[in-house]
Every structure is written in structure tokens, then in C-alpha cells.
Amino acid sequence: SHDKGGLVICGKAPNNLPDDKTNRELEGGYGAFHGGTDVADNSGSLKYVRVEYAGIPINPNQEVNSFTFGSVGSGTTVDYIQASYGLDDSFEWFGGTVNAKYLVAFRCLDDDFDTDFGYRGNVQFGLIVRDPSIADQSSSSTSEGFESDNDANGTNATPYTTPVFSNITLNIVTGK
């Protein structure tokens, strides 16, 4: 059963949200505030972590991603992490500059790699395994695995969302 909310890390790196960029709450209204001016902000180290069956809704139609990064800076280490069977995105970056290596997104319902609000990091060595029979038919393509927006309204707010994804494999599977 999906009874976990996922892992959320908030930092003090820049985002492109309007007004107060230093104290923004992540979607869902659960008290996760992020944002600042420190590009190299360090939120610690996240290595060899797997999150399974995340995505319990906080509010109606507002599920939590398996991994959520809010304005996390480049001083943070994110390596060897896996999201499996989540009800929302596998990985979502809301602003920030954190780099990540060796990510696995396995059979999640929504997007696998989702970037918004001025995220400017590098993601290298990723594996996406999607199953069209369980992917969210209402909003995301079952054969893509990426969603990227500058912001929710598609404005020219800066910094621009400009992630770099390298060495990513996307595999479409069906059945068990």
C-alpha cells in the first residue's frame, strides 16, 4: 500500500519564484520552506537511499513525490538513489543547483524527472523504467519520463530552468 509521503529536502539555493524567493513553501502546504541566495548551499549528503510506495495525498490530488528537492544547492551530495512504485513523480527539483548521479526511477505513476522554478543542476547516469499500464494516463506521457517547466505559468522568470541530463536510459516495460 502507498502509505508514505516521500523524502523532502529543502535548501537555500536560488529559485525563480516571484516575491520572496527565500521563504517559499513547497506545493501541498505541509510546512516545507525553501529558497535563498546561496548557489553552493549544502543540505548534507544523500547516498544509497531507496524510497518505495511514496505518494500518499496530503490534500486531494496533491500527492508527494518520492524525492523532492526544494532549492537544494550544489554543495549537497545526491548519489545512488532509487524511487520505486511512487504515486507521483520519482524525482522533482523546485529550483536549486544540486547535482545528482546514479538515479533510478522504477515504475512510478507520474513523471520520472521533473524540473521547475529555475532548477539548474546536472543529473548523470539515470535509469527510468516506465510501465504504460500503470502510468498516469491523465497528465503525463507514458513514453517520456521528463517534465520541465520554467514555472507554473511558463513565464520568463529567472534563473531559467536549465537542467542538464546526461547518460540517461529510458526503458518501457509491460507486465511484471
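This is a short talk on the sheet, a surface patch and the salt bridges of one structure. Keep in mind that the model is predicted.

Let's start with the sheet. It is open and has five strands. The order is E4-E8-E10-E12-E14, and the pairing is parallel. Which strands stand at the edges? Strand E4, residues 45-52, and strand E14, residues 164-172. Each has a single partner strand, so one side of each is left without a neighbour in the sheet. From one strand to the next, the twist averages 5°.

Now look at one pair inside that order. Strand E8 covers residues 77-84, and strand E10 covers residues 99-106. The two run parallel, and seven bridges join them. Take Asp79 as an example: its bridge partner in E10 is Lys101.

Stay on E10 for a moment. Tyr102 lies in this strand. Is Tyr102 buried, partly exposed or exposed? Its relative accessibility is 34%, so it counts as partly exposed. Tyr102 also belongs to a nonpolar patch on the surface. The other members are Tyr48, Tyr80 and Phe125. Together the four residues have about 410 Å² of accessible area.

Next, the salt bridges. How many does a search of the whole structure find? Three. As background, side chains of opposite charge can pair when their charged atoms come close.

Here is one of them: Arg50 with Glu52, at 3.3 Å from N to O. Arg50 has a relative accessible area of 55%, so we call it exposed. Glu52 has 30%, which means partly exposed.

Another salt bridge joins Arg107 and Asp131. The closest N and O atoms are 3.6 Å apart. This pair links distant parts of the chain, 24 residues apart. Arg107 is in the loop between E10 and E11. Asp131 is in the loop between strand E12, residues 122-130, and strand E13, residues 146-148. Both Arg107 and Asp131 are buried.

That leaves Arg130 and Asp112. Their side chains meet in a salt bridge of 2.6 Å, N to O. Where do the two residues lie? Arg130 is in strand E12, and Asp112 is in the loop between E10 and E11, so the pair ties together parts that are 18 residues apart in sequence. Arg130 and Asp112 are both buried.

Let me stay with Asp112. Strand E11, which follows its loop, spans residues 113-116. Why do we call Asp112 buried? Because its relative accessibility is 0%, and the cut-off for buried is under 20%. Which polar contacts does its side chain make? There is one with the side chain of Ser90, at 3.4 Å. The side chain of Arg130 is also joined to Asp112 by a polar contact, at 2.6 Å. So Arg130 appears both as a polar contact of Asp112 and as its salt-bridge partner, because the pair falls within the 4 Å limit for a salt bridge and the 3.5 Å limit for a polar contact.

One last spot: Gly70. This residue sits in strand E7, residues 67-70. Its relative accessible area is 0%, so Gly70 is buried. How far is Gly70 from Trp93? In sequence, they are 23 residues apart. In space, C-alpha to C-alpha, they are 6.1 Å apart.

Terms used. Residues numbered from 1 in each chain as written. Predicted model: local features only at pLDDT ≥ 70, side-chain atom pairs only at ≥ 80, totals over all residues. Heavy atoms only, no water. Pairing = 2+ DSSP bridges. Helix = DSSP H or I, 4+ residues; strand = E, 2+ residues; numbered from the N terminus. Axes fitted to C-alpha atoms, helices over the stretch in contact; angles between N-to-C directions. Patch = residues over 30% accessible without salt bridge, like charges linked within 9 Å, V, L, I, M, F, W, Y side chains within 5 Å. Areas by Shrake-Rupley, 256 points an atom, 1.4 Å probe, with all protein chains shown as cover. Buried < 20%, exposed > 50% of the residue type's maximum accessible area, 1.4 Å probe, protein only. Polar contact = N/O pair within 3.5 Å; in protein donor to acceptor, adjacent residues only side chain to side chain.
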